[in-house]
Amino acid sequence: MKETRVRYAPSPTGDPHVGNIRSAIFNWLFARNQKGKFILRIEDTDQARMVDDGIQKQKDALNWMGLNWDEVYIQSERIEIYTKYAEKLIDEDKAYRCFATQQELDDLRNKQKAAGKITRYDGRYRNYDLDLSQKRSKEDPFVIRFKSPQEGITKCYDEIRGEITFNNKELDDFIIMKSDGFPTYHFANVVDDHLMNISHVMRAEEWLPSLPKHVNIYKSLDWEMPLFVHLPMILASDKTKLSKRHGATSIQEFINEGYIKPAMFNFLVLLGWALDDKTEQFTIEELINVFNIKKISKSPAIFNKQKLDWFNGKYIRELKSDEIAKELDLFFKNSINIKNYNIIKKYNFVDIANMIKERSKTLKDSLMLSEFIYNIPSFKSKEEVYAMCDDIDQCSYILKSTIDCLNKIDDFNIETVQFELKNLMEELNLKPKNLLGTLRIVITNQKISPPVFDCISILGKKESVNRISSALDFI
RNA sequence: GGCCCCAUCGUCUAAUGGUUAGGACACCACCCUUUCAAGGUGGGGAUACGGAUUCGAAUUCCGUUGGGGUCACCA
């Protein structure tokens, strides 16, 4: 049995898109399931689209997802290899130099368009004299084109779709080497997949139309073909390709919005793949064990952010508090100003995690829920303070009693605070709204907050009493 | 437009040719409740359409319709 070797082959042109990362996840899971190799190949053959830290961004995204690679290659370092095979194809009359200028091709295309014909290269250098071509290549810029078959059909095979046939009349002599000496995707991809012994090419469905190009290159080089697995597209809710205008599309954006890795991983793997009719939450180890190419679906999947939110909330709830605490620390550091971060850092992130766990879909939600820690309440009117009381006198009485009550507590924690305040509520015959509602106002001044008991115990006795006292002074 | 792919609740999906077509998100109602959540219980909601094959079709075949992808010296 041949070793399973798969690859993730991004071009480093910006922040990695979730669709690409989903492909990476499928490849990685399959490699790990088969005890094979997961290879990272940087496809940086387009000089114009290069981005400075593009390669690092790809690696960062994989690292964040926990997708470790076994080998890494960079195509721009392999130019001689592609050149060698391109020249071999010329020698064997399977490819040829084309000296048509950009202007010439534009004119051709415009003419075809005007005549209502499909636009394609007309093969004008297909039969150009080889000696002449050789000579002219020394002074004129040129590209190398592949001699596609003109008749018959090209049979392709996709592992989840079966046989797909293309009429060779539809194929044109596409470019394999650009005039700057770099290969095009179609060529570099085939050469590398062969040289790197790739067993399964798992990539997005948008590559399906160019499959015959790749198949014909394999044939002309007399190379054995890998298995092709085309992954269903990920679409936006309007059923078009997921793009910028739909909101977040890159992994980095989702991280910034407070999504955590296990949720992202779990959600993404379920876009185009399912194990059975009931299991939908998986650990990564479980996924490695059960991942199976045959269960990849054919139809495109719509990116359903509500389900992502649900997964994220579920994972936040289920993860251990100290794990969430770590995420929170990092997230707060990156999201709020340094002054507030320094204030919140004095408190225990594990306590904060426990406080926000039940009510956060994303880490961003916990930002809002924790604002009261560094935003000390201030009031414009007395009415604001006693809004939850029958009248202002009841309010000051409640505040006074609460201060006494809290001051009596020696072991100040959430259980004791809850116990004593409930006692107080009973003793004074207060409605929950009166006592707890009022305390929410003077402690947090937020419409929405974690439970009052949590807030008070997080802030501690001193700070809580301070806040209540200043509210009492105010009214 | 040519070519290619695809088609089960609004969404993600499950269903060796035989199930009251299952689950999850979302939605609605009720319960719980100091706000917000979470949780619990229940509910509505799908095989695009038309033929053919078959005792029997979501499932196989053909067509229609719809959606998507692709047609660069980008990947």
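In this predicted model, helices H6 and H7 cross in a right-handed sense. The axes of H6 and H7, the latter spanning residues 211-221, come within 10 Å and meet at roughly 50°. That angle makes H6 oblique to H7. On the H6 side, the contact is built from Tyr185, His186, Phe187, Val190, Asp193 and His194, while H7 contributes Lys213, His214, Ile217 and Tyr218. Sorted by class, the residues of this contact comprise five nonpolar, three polar and two charged.

A second pair of packed helices is found further along the chain, and it can be read in the same terms. In general, two packed helices are described by the angle between their axes and the distance between the axes. For helix H19 (residues 432-444) and helix H20 (residues 452-474), the angle is about 75° and the axes are 9 Å apart. Since angles of 65 to 115 degrees count as roughly perpendicular, H19 and H20 are therefore roughly perpendicular to each other. From H19, the residues in contact are Leu436, Leu439, Arg440, Val442, Ile443 and Thr444. Their partners on H20 are Val452, Phe453, Cys455, Ile456, Leu459, Ser464, Arg467, Ile468 and Ala471. Here the classes divide into eleven nonpolar, two polar and two charged residues.

Turning to the pockets, the largest one holds about 1,000 Å³ of space. It is lined by 39 residues, and those closest to its centre are Pro10, Ser11, Asn20, Arg49 and Trp207. Two or more lining residues come from each of strand E1 (5-8), helix H1 (18-33), helix H6 (185-195) and strand E9 (200-204). H6, introduced above for its crossing with H7, thus appears again in the lining of this pocket. The most, five residues, is given by H1. In chemical character, the lining of the largest pocket is made up of 14 nonpolar, 14 polar and eleven charged residues.

The second largest pocket offers about 450 Å³ of space. Among the 26 residues that line it, Gln102, Leu105, Val143, Arg145 and Ile175 are the closest to its centre. The elements that supply two or more residues to this lining are helix H4 (102-114) and strand E5 (143-146). H4 provides the largest share, with five residues. The lining of the second largest pocket contains eleven nonpolar, six polar and nine charged residues.

Conventions:
Residues numbered from 1 in each chain as written. Chains lettered and ligands numbered in written order. Predicted model: local features only at pLDDT ≥ 70, side-chain atom pairs only at ≥ 80, totals over all residues. Heavy atoms only, no water. 1 Å grid on protein atoms, 1.4 Å probe; cavity = no way out; pocket = protein on both sides within 12 Å on 5 of 7 lines; lining within 4 Å. Points joined across faces, edges and corners; volume = space filled by probe spheres on them. Helix = DSSP H or I, 4+ residues; strand = E, 2+ residues; numbered from the N terminus. Nonpolar A, V, L, I, M, F, W, Y, C, P; charged D, E, K, R; others polar. Axes fitted to C-alpha atoms, helices over the stretch in contact; angles between N-to-C directions. Parallel < 35°, antiparallel > 145°, perpendicular 65-115°, else oblique. Left-handed = near helix turned anticlockwise from the far one by under 90°. Contact = heavy atoms within 4.5 Å.
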